[in-house]
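I opened the model today to look up a few contacts. My notes follow in the order I took them.

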Amino acid sequence: MPILPKIIKQVFPVKFVLFSLVGLTGMGIHLLTLGVFHLLVNLQFLWAQTIATCVTMTSNYFINNNFTYRDQRIRGWKLLPGLISFYLVCSIGAIINIESADLFYHNQNNWIMAGVVGGIAGSIWNYYFSSKLTWKKK
């Protein structure tokens, strides 16, 4: 194997790349949900961001379970405790997400960029701790 792919694989593990791709899908879900609740339902940004974060966490759990962690997939009745574990692990990432997005929004008044900033801010935490706690090696 050439040296560059080896270095890239060490810096960015395959599961992190897959997790990030799911995160990009989640970003689309997040921005759509945020836009619906903030612009159409006319909720305050903070509440719309909170709802969008919860919807995105749920969808990302199921997509990651079937895609990123396919080899460690959680099945059957264990899906619910796995989802709860993912919520707990990602709750700190969600707080980081919501707070940084709200701060950005109030400084820049750009809900799309605020949503992106919040998503990125929480994603690193979410990857690291969900891989260690939700989809731990058996």
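**Entry 1: Leu18**

I started with Leu18, leaving out residues up to four places away in sequence; Leu18 touches Phe67 and Thr68. I keep in mind that this is a predicted model. Leu18 lies in helix 2. I then checked how far apart Leu18 and Phe67 are. They are 49 residues apart in sequence, and 7.6 Å apart in space from C-alpha to C-alpha.

Is Leu18 buried or exposed? Neither label fits, because its relative accessibility is 21% and buried needs under 20%. Leu18 counts as partly exposed.

**Entry 2: helix 2 against helix 5**

I stayed with helix 2, residues 14-40, and looked at how helix 2 packs on helix 5. The angle is about 140°, and the axes are 9 Å apart. The crossing of helix 2 past helix 5 is right-handed.

Next I listed the residues that meet. From helix 2 I noted Lys15, Phe16, Phe19 and Met27, among others. Also on the helix 2 side are His30, Leu31 and Leu34. On the helix 5 side I found, among them, Trp111, Ile112, Gly115 and Val116. Asn126, Tyr127 and Ser130 are also in the helix 5 part of the contact. I sorted the contact of helix 2 with helix 5 by class: 11 nonpolar, 8 polar and 1 charged residues.

**Entry 3: aromatic pairs**

I turned to the rings. A pair of aromatic rings is described by the distance of the centres and the angle of the planes. How many aromatic pairs are there? The count comes to 10.

I picked out Tyr61 and Trp135. Their rings are stacked, at 5.6 Å centre to centre and 25° between the planes. Tyr61 lies in helix 3 (residues 45-66) and Trp135 in the segment after helix 5 (111-133), so this pair ties together parts 74 residues apart in sequence. Tyr61 is buried, with a relative accessible area of 0%. Trp135 is buried as well, at 1%.

I then looked at Tyr69 with Trp135. The ring centres are 4.4 Å apart and the planes are at 5°, so this pair is stacked. Tyr69 sits in the loop between helix 3 and helix 4 (79-108), and Trp135 in the segment after helix 5; the pair links distant parts of the chain, 66 residues apart. Both Tyr69 and Trp135 are buried.

Last, I asked which residues the ring pairs link into a cluster with Trp135. They are Tyr61, Phe62, Tyr69 and Phe86.

Technical notes: Residues are numbered from 1 along each chain as its sequence is written. This is a predicted model: local features need pLDDT of at least 70, side-chain atom pairs count only at pLDDT 80 or more; totals for chains, interfaces and linings use all residues. Side-chain values use heavy atoms; hydrogens and water are left out. Rings of Phe, Tyr and Trp (its six-membered ring) pair if their centres lie within 6.5 Å; planes under 30 degrees apart count as stacked, over 60 as edge-to-face and the rest as tilted. Helices (H or I, at least four residues) and strands (E, at least two) are DSSP runs, numbered from the N terminus. Buried means under 20% relative accessible area, exposed over 50%, partly exposed in between (1.4 Å probe, protein chains only). Axes are lines fitted to C-alpha atoms, for helices over the stretch in contact, and angles run from 0 to 180 degrees between N-to-C directions. A crossing is left-handed if the near helix is turned anticlockwise from the far one by less than a right angle, and right-handed if clockwise. Contact means heavy atoms within 4.5 Å. Ala, Val, Leu, Ile, Met, Phe, Trp, Tyr, Cys and Pro count as nonpolar, Asp, Glu, Lys and Arg as charged, and the others, Gly among them, as polar.
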